[in-house]
Structure formats: C-alpha cells, structure tokens
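Please open the model in a viewer and keep the selection tool at hand. The stops below are meant to be taken in order.

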Amino acid sequence: MLAEFILTQIFVLTGHRKKSNFLNEKNRYSLKGLVIYFLKLGTTGFGGPVPLAGYMHRDLVEKRGWVSEEEYVKGLAFSKLAPGPFATQLALYIAYIRSGILGTTLVSISFILPSFLMVIGLAIVYQKYGEMPWMTAAFYGISAAVLGIMVRSAYKLSRTALGKNVVLWIVFGISAIATALLEGEPIWLLIAAGLVNFLYMKRDTLFSRKQLNLFIPQYILDVAPVIAGSRSFLDLFLYFAQAGTVVFGSGLAIVPFLYGGVVQQNHWLTNKQFLDAVAVAMITPGPLIITVAFIGYLVSSLPGAIAAAIGVFLPVYLFVVILTPFYERIVKNPDVRAFIGGVTAATTGAILGSLVTLGRHSLTDIPSIAITGITVGLLFRFKIPEPLIVLAAAIIGLILL
C-alpha cells in the first residue's frame, strides 16, 4: 500500500526506534504499527469517545501490550483534565509517551484524516442534494434521533462528571438554564464555573495560603475574537481554535459553544443545517468533534473545512506535547482539578441547555418528537449501536415524508 510505503520511508529517514525502557511488550512495538493502528481505528471506530477508549485498551493494552495498564490509566486521567475531545487526547497521549513529538504528529494525522475525508464527502453530497426530497426526509429522521442520542449522552456525562457533588450540580443547573436562555455557551460562563468550584474547594484554606496555585488557561483569555460574519480562512481557524480550548471530555461538549457562534452570532448556518452537521458526525467513525469540518465546508468549501479541522485539533495536539512532560504535577494539583471540575460541570450543563434550544427549533411536529422520545427510550433500555439508530431514523424519515 502507498500509505504504508510512505510511513516506512518516514521512519527510515528519521531513524526512529522503539523506546528501550518499555518492557511489557507482547508483540514488538513500532511507530509504524501504532500509526497504522490509529489509521484503522479512525476509519472503523464508531460509537463516540467511550467505545473508542475501550478499543484502545483492548487492542493496545490487552492484545498487543504496547501500553501498560498503569500508562493507560494515567492517559485516561490526563484526557479528562486537559482540554480537548477525550478519545483524541487519549490517542495522542499514548503516541507521545511511546514515540514523542514525531509519534504524536503522525498519530494525530492518521486518527483524524479518515473521518475528515468521510465528512468532506458527505458535505459535498449534502450541499449538492440537501434540498432534494429524499435527502430532506432522511435528515428529518436523523436529526430527531440525534437529539435523543444527545439526551442519553448528557445523562451519562452528568452522572460520571458530577457524582454527588452538590456544588457541581448547582453549576450544572445554572449553566443549563443560561445556555438555554442565551442560546449559546459564552466562555466567561466556563471560566466563572471553574473559579466557583475552585473557591468552594479552597474555602477553608484560601486566605491562609501565601500563594494560590490557580490554573486558568491563558489561551482561553488570549484567543482573538472572531469578526461576526467573516468567512476567511484565518477567522474560521481562530474561531474553531477558540472552540477547541473549551472541550472537556466528550466531543458533545463543543456543541453548545458552536451553536452560539455558528448559528446565533455569525449566522453561518441555520438551525437545521447545524443539527444536520452534528448528525453527520454521529454516523461517521472517529472523533465526534469532526463535525467542525462539515460546518467549515458549508461555510467556506474545502478551505473552510481545513481551517475548522486544524483550528479545533491544533490546541489538542499542543496540550499533549506541552503538558505531558508536566503531567505528574498537573494531575496531582488539587487546584487544577477543582477548576477543571467546575468547567466540566458547566460544559455538561450547557449540553442540556443546548438540547432545549435545538429541540425548540427542530422538534416541530408529533413524528419528530416521537422519534426523539423512542430513541431516548431505546438507548436507556438496550445497548444499541448509535449508527444503527441513526440509520433506522433515516429510513423512518424517508417513509414518513
């Protein structure tokens, strides 16, 4: 294969060798093998962040032995603390600890590229045939099902991220209400949530300490604002880079932030187009956050898709490369964990708030409400793969319309 030949030449030219201190191999580790593995996972890995993380554990820890159980667990913790979509963070973390910056770079490309190309193909079809009756009917069912899938995901995220912490649940509720009312998720809300939880966790020692170890990511404050309505490559890149810094955990976390900017502020897409973009990400493998490529393509063709994808994934890459060497200090810092816990609670609440907004605009008749309700019921009762639900919803849409 051409791809494997090119990878082989890269490894020969760079003189890459496996790290000698990795002793728990079951099969011989190689960077080429790792890159090919993530190329395949990005091509066939459906189901969202949790299944993708499960595949990595099964294949890289249990079967191949390229990653130890301890390293994998550390990777999970890192992926929850660092901004960025969970599965992508975990993949790049594994690549970094095994093969440094070169491995991180190659794995980021191989893991993201397959779903990017699929989404671009779907965007071309959507743009060309989106107004045709059969396409409209299919996405009528798909969009309603996607809302149901998001309800289930929001429920699971809230239980996992918030536990029994009353303060986090209060932050969650305020964020959900604010997002529903504002029809978007402002960055100041996330920062405020992080600060609230930090101050609460440090309430007994805050004034007795000589120095606060508060961690507020400066990149959140420094990102240049996007000029409303502008569609240049740079403006799209800056907007989606800004979005990439506020995603903690599931790729769904970016949905409320994107909705506020893409639909409400800049009016790049309609409500229907935005929900269709989320639906496309649901039916393609790889990270859910690849929905940005679909949005970018609809806004400004292929350059827009490239700008959006680079913008949203570049912060993830930089976080892994820059923060991993300081991982032990970061993960053990209670102030960091408190701040990020508040941000995560606000982000999870914002997902629920965005569902209210999207549902208000999209569920306009009894059949669409029924599809959403049935989807929620099925997902709570049975372990049905989400792509199958989306496919069934598309067929129902074709039948109804």
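The tour of this predicted model goes from a pocket to helices and then to aromatic rings.

**Stop 1: the second largest pocket.** Select Ser108, Ile109, Ile112, Ile310 and Phe313, the lining residues nearest the centre of the second largest pocket. The lining has 14 residues in total, and the pocket volume is about 340 Å³. By type, the lining holds eleven nonpolar residues, three polar ones and no charged ones. Now colour helix 5 (86-129) and helix 13 (291-323), each of which gives at least two residues to this lining. Helix 5 provides the largest share, with eight residues.

**Stop 2: helix 5.** Keep helix 5 selected and show its trace. How far apart are the end C-alpha atoms of helix 5? They are only 33 Å apart, although a straight helix of 44 residues would reach 64 Å at 1.5 Å a residue. Centre the view on serine 99, where helix 5 bends by about 145 degrees.

**Stop 3: helix 10.** Next, select residues 233-244, which make up helix 10. The span from the first C-alpha to the last is 16 Å, close to the 16 Å expected for its twelve residues at 1.5 Å a residue. Is helix 10 mostly covered or mostly uncovered? It is mostly covered, with nine of the twelve residues buried. Among the buried residues are Asp235, Phe237, Tyr239, Phe240 and Gln242.

**Stop 4: aromatic pairs.** Show the rings of Phe, Tyr and Trp; the model has six aromatic pairs. One of them joins tyrosine 37 and phenylalanine 38, edge-to-face, at 5.1 Å centre to centre and 75 degrees between the planes. Tyrosine 37 is buried at 7% relative accessible area, and phenylalanine 38 is buried at 0%. Then select tyrosine 239 and tryptophan 268: their ring centres are 5.7 Å apart and their planes stand at 85 degrees, so this pair is edge-to-face. The pair links distant parts of the chain, 29 residues apart, with tyrosine 239 in helix 10 and tryptophan 268 in the loop between helix 11 (254-265) and helix 12 (271-282). Tyrosine 239 is buried, with 4% relative accessibility, and tryptophan 268 is buried with 6%. Finally, add Phe111 to Tyr37 and Phe38, since ring pairs link these three into a cluster.

**Stop 5: isoleucine 396.** Select isoleucine 396 in helix 17 (residues 386-400). At 38% relative accessibility, this residue is partly exposed. Measure from its C-alpha to that of proline 367: the two residues are 29 apart in sequence and 9.6 Å apart in space.

Definitions and conventions. Residues are numbered from 1 along each chain as its sequence is written. This is a predicted model: local features need pLDDT of at least 70, side-chain atom pairs count only at pLDDT 80 or more; totals for chains, interfaces and linings use all residues. Side-chain values use heavy atoms; hydrogens and water are left out. On a 1 Å grid over the protein atoms alone, a cavity is a set of points where a 1.4 Å probe fits but cannot get out, and a pocket is an open set with protein on both sides within 12 Å along at least five of seven lines; lining residues have an atom within 4 Å of a point. Grid points are joined across faces, edges and corners, and a volume is the space filled by probe spheres set on the points. Helices (H or I, at least four residues) and strands (E, at least two) are DSSP runs, numbered from the N terminus. Ala, Val, Leu, Ile, Met, Phe, Trp, Tyr, Cys and Pro count as nonpolar, Asp, Glu, Lys and Arg as charged, and the others, Gly among them, as polar. The expected span of a helix is 1.5 Å times one less than its number of residues. The bend at a residue is the angle between axes fitted to the seven residues ending there and the seven starting there. Buried means under 20% relative accessible area, exposed over 50%, partly exposed in between (1.4 Å probe, protein chains only). Rings of Phe, Tyr and Trp (its six-membered ring) pair if their centres lie within 6.5 Å; planes under 30 degrees apart count as stacked, over 60 as edge-to-face and the rest as tilted.
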